[in-house]
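Work through the exercises below with the sequence and the model open. Each task is followed by a solution in steps.

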Amino acid sequence: MNKSRHVPPAYWYNDKPVPLHARGLASIYAALIGLRARFFRWGLLRRHRLSVPVIVVGNVTVGGTGKTPLTIALVQRLREAGFKPGVASRGYGRADDRQPLWVEAATAPEQGGDEPVLIARRTGVPVRVDRDRVAAGRALIAAGCDIVVCDDGLQHYRLRRDVEIEVIDGQRRYGNGRLLPAGPLREPAERATQCDFHVLNGGEPAFGEWPMRLHTEAAQPLRGGRPRPLASFAGQRVHAVAGIGHPQRFFDNLRGLGIGVVPHAFDDHHAYRAEDFAFGSELPVLMTEKDAVKCAAFAKDWYFSVPVSARLPEAFWVALLDRLARTETPTS
């Protein structure tokens, strides 16, 4: 495993004691986010409503929970239902996040961000990256979109939203239930109760949670060519590469298919270089689709992307579309 990866503190996801300094900093953080929330409630900080419905896909914890696969599935379903969706994103990891940008399938990941580029490639809908989600939403509307989906942004309160979807890691959930840096929470866990939908990525859903399963598809050679069934890797060793919020989920999925995994975990949004793949052997390299968009320039014949698709109960989509049908959005 990559030794330079910044792993969460051990006490975030177990019952180990939290250091005193972390608890003290968490108290300060709690006061700051509480004050910010009150400023929005009192109108001291302004919230902006767009002229089309806004759906926010997010989480109250740090790290990846499966937001991007859900966003892709959501956009595809909305388009099937007759909407013209567009995606607004911060575009984490891009070289200059001060400049708004339209992201297309051919956009370099270092310019558009790995997740927005992946969304653009998988959906073909307009994708706008901007630190200001309000400005991003307005740009999407001007481009002809009649509904805006925010990939992340649950805490971006300047933009009013009509539907909030919380995505929960089914293995780690809320960890020790503490705020940063004493725990993994960006906001108190109670904030999640305000969301309209709760989607559980893996694990057994509790009451009020919708199960999401990430369906693993055939491995795609990064240099082009015929897809290879993942079952064909069973019984052999591979180098597995994951630079996502929870790499272990990817490794476990491959092991569940009978693949011998040599794990290589990198930081979320890691900017890959060819040297990162100097593993000392030419075993097949399997990586997440999010990582693969950043590795095409130096890919070898034995590098493969492993796409996933989010699958949810049909009742979830019925409930979501019904919720949208009851949404009233101003025309100006």
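The exercises cover pockets, salt bridges, one loop residue and one helix.

The model is predicted: local features need pLDDT of at least 70, side-chain atom pairs count only at pLDDT 80 or more, and totals for chains, interfaces and linings use all residues. Residues are numbered from 1 along each chain as its sequence is written, and side-chain values use heavy atoms, with hydrogens and water left out.

**Exercise 1. Describe the largest pocket by its volume and its lining.**

Step 1. A pocket is an open set of points on a 1 Å grid over the protein atoms alone, where a 1.4 Å probe fits, with protein on both sides within 12 Å along at least five of seven lines; lining residues have an atom within 4 Å of a point. Grid points are joined across faces, edges and corners, and a volume is the space filled by probe spheres set on the points.

Step 2. The volume of the largest pocket is about 810 Å³. Its lining has 39 residues, and Gly 64, Ile 244, Gly 245, Asp 268 and Lys 290 are the closest to the centre.

Step 3. Helices (H or I, at least four residues) and strands (E, at least two) are DSSP runs, numbered from the N terminus. Helices H2 (67-80), H4 (114-123), H6 and H7 (289-292) each give at least two residues to this lining. H2 has the largest share, with four residues.

Step 4. Ala, Val, Leu, Ile, Met, Phe, Trp, Tyr, Cys and Pro count as nonpolar, Asp, Glu, Lys and Arg as charged, and the others, Gly among them, as polar. The lining of the largest pocket then divides into 13 nonpolar, 13 polar and 13 charged residues.

**Exercise 2. Do the same for the second largest pocket.**

Step 1. The volume of the second largest pocket is about 500 Å³. Of its 18 lining residues, Ala 37, Tyr 157, Glu 187, Arg 191 and Gln 194 lie nearest the centre.

Step 2. Helix H1 (residues 20-42) supplies the largest share of this lining, six residues. By class, the lining has nine charged, six nonpolar and three polar residues.

**Exercise 3. Which parts does the salt bridge between Arg 77 and Glu 314 tie together, and are Glu 164 and Arg 191 buried or exposed?**

Step 1. A salt bridge is a side-chain nitrogen of Lys or Arg within 4 Å of a carboxyl oxygen of Asp or Glu. The whole structure has 22 salt bridges.

Step 2. Arg 77 and Glu 314 pair at 2.9 Å, N to O. Arg 77 belongs to helix H2 and Glu 314 to helix H8 (residues 314-325), so the pair ties together parts 237 residues apart in sequence.

Step 3. Buried means under 20% relative accessible area, exposed over 50%, and partly exposed in between (1.4 Å probe, protein chains only). Arg 77, at 27%, is partly exposed, and Glu 314 is partly exposed at 47%.

Step 4. In the salt bridge of Glu 164 with Arg 191, the closest N and O atoms are 2.7 Å apart. Both residues, Glu 164 and Arg 191, are buried. Shared partners join Arg 161, Glu 164, Glu 187 and Arg 191 into one salt-bridge network.

**Exercise 4. Where is Asp 152 placed, and which residues does Asp 152 contact?**

Step 1. Asp 152 sits in the loop between strands S5 (147-151) and S6. At 8% relative accessibility, Asp 152 is buried.

Step 2. Contact means heavy atoms within 4.5 Å. Leaving aside neighbours within four places in sequence, Asp 152 is in contact with Val 56, Val 57, Gly 58, Asn 59, Lys 67, Tyr 92, Arg 133 and Arg 186.

**Exercise 5. Which residues of helix H6 are buried?**

Solution. In H6 (residues 247-256), the buried residues include Pro 247, Arg 249, Phe 250, Phe 251 and Leu 254. Gly 258, which follows H6, has a positive phi, near 85 degrees.
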